[in-house]
Amino acid sequence: MRLALYQPDIAGNVGTILRLAACFDVAVDLIEPMGFAFSDRALARAGMDYAAQAQVTRHADWAAFERQVAGRMVLLTTRGGTRLDAVPFAADDVLLLGSESAGVPDEVHDRADLAVRIPLASGFRSLNVAVAAGIALTEGLRQTEGFPT
């Protein structure tokens with residue numbers, strides 16, 4: 001299982017996701033352009049020393065990422081037609097999250113094999129991207145028995 005971030009624009013969220021990925025031994029794909037320099041201080045602060053241990057692949061753009069993606073692309077989106085708790089995950093799924101400010105464009109949404117939403121209480125629209133990544137990744141790893149031993 002992998003996490004992929006489409007054009008993220010908040011360094012602190014990426015740092016948090018890199019820390020999450022390092023702790024669960026999950027690779028991360030960063031799809032550029034990003035809204036900050038990869039060396040940003042907020043990235044380092046949120047990721048702490050864990051981020052340096054994350055398996056990170058940076059892709060110049062969507063096309064470069066799409067050429068190398070293996071496994072099913074599972075997009076986490078507020079427009080998702082499938083609830084997270086109804087998804088049967090596979091060990092080689094790529095969990096794709098959009099940018100904090102814009103999500104993903106329609107062509108990326110259309111390319112996803114599955115569009116998934118995390119069910120929220122009435123009146124709430126979305127979660128922080130790092131929180132959503134943690135929730136979805138944990139469910140995927142639980143189902144596939146992919147937690148580190």
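**Nonpolar cores, helix 1 and the largest pocket**

In this predicted model, the largest nonpolar core comprises 33 residues, of which Leu-3, Ile-17, Phe-89, Leu-95, Leu-97, Val-116 and Leu-137 touch the most other members. Two or more residues of this core are given by each of strand 1 (2-6), helix 1, strand 2 (27-31), strand 4, strand 6 (94-97), strand 7 and helix 5. Helix 5 provides the largest share, 7 residues. Another core, of 13 residues, lies apart from the largest one and includes Ala-4, Val-69, Met-73 and Val-94.

Helix 1 covers residues 11-24. At 1.5 Å a residue, its 14 residues should span 20 Å, and the end C-alpha atoms are 20 Å apart, which agrees. Ala-11, Asn-13, Val-14, Gly-15, Ile-17, Leu-18, Leu-20 and Ala-21 are the buried residues of helix 1. With neighbours within four places in sequence left aside, Ile-17 is in contact with Leu-3, Leu-5, Val-129, Ala-130 and Ala-133. Asp-25, just after helix 1, adopts a positive phi of about 55 degrees.

The largest pocket has a volume of about 630 Å³. It is lined by 28 residues, and those closest to its centre are Leu-76, Thr-77, Thr-78, Ser-126 and Leu-127. At least two lining residues are supplied by each of strand 4 (73-76), strand 7 (114-117) and helix 5 (129-144). Classified by type, the lining contains 13 nonpolar, 10 polar and 5 charged residues. Strand 4, strand 7 and helix 5 thus appear both among the elements that give two or more residues to the largest core and among those that supply at least two residues of the pocket lining.

How values were computed
Residues are numbered from 1 along each chain as its sequence is written. This is a predicted model: local features need pLDDT of at least 70, side-chain atom pairs count only at pLDDT 80 or more; totals for chains, interfaces and linings use all residues. Side-chain values use heavy atoms; hydrogens and water are left out. On a 1 Å grid over the protein atoms alone, a cavity is a set of points where a 1.4 Å probe fits but cannot get out, and a pocket is an open set with protein on both sides within 12 Å along at least five of seven lines; lining residues have an atom within 4 Å of a point. Grid points are joined across faces, edges and corners, and a volume is the space filled by probe spheres set on the points. Helices (H or I, at least four residues) and strands (E, at least two) are DSSP runs, numbered from the N terminus. Ala, Val, Leu, Ile, Met, Phe, Trp, Tyr, Cys and Pro count as nonpolar, Asp, Glu, Lys and Arg as charged, and the others, Gly among them, as polar. The expected span of a helix is 1.5 Å times one less than its number of residues. Buried means under 20% relative accessible area, exposed over 50%, partly exposed in between (1.4 Å probe, protein chains only). A nonpolar core is a set of buried Ala, Val, Leu, Ile, Met, Phe, Trp, Tyr and Cys residues joined through side-chain atoms within 4.5 Å. Contact means heavy atoms within 4.5 Å.
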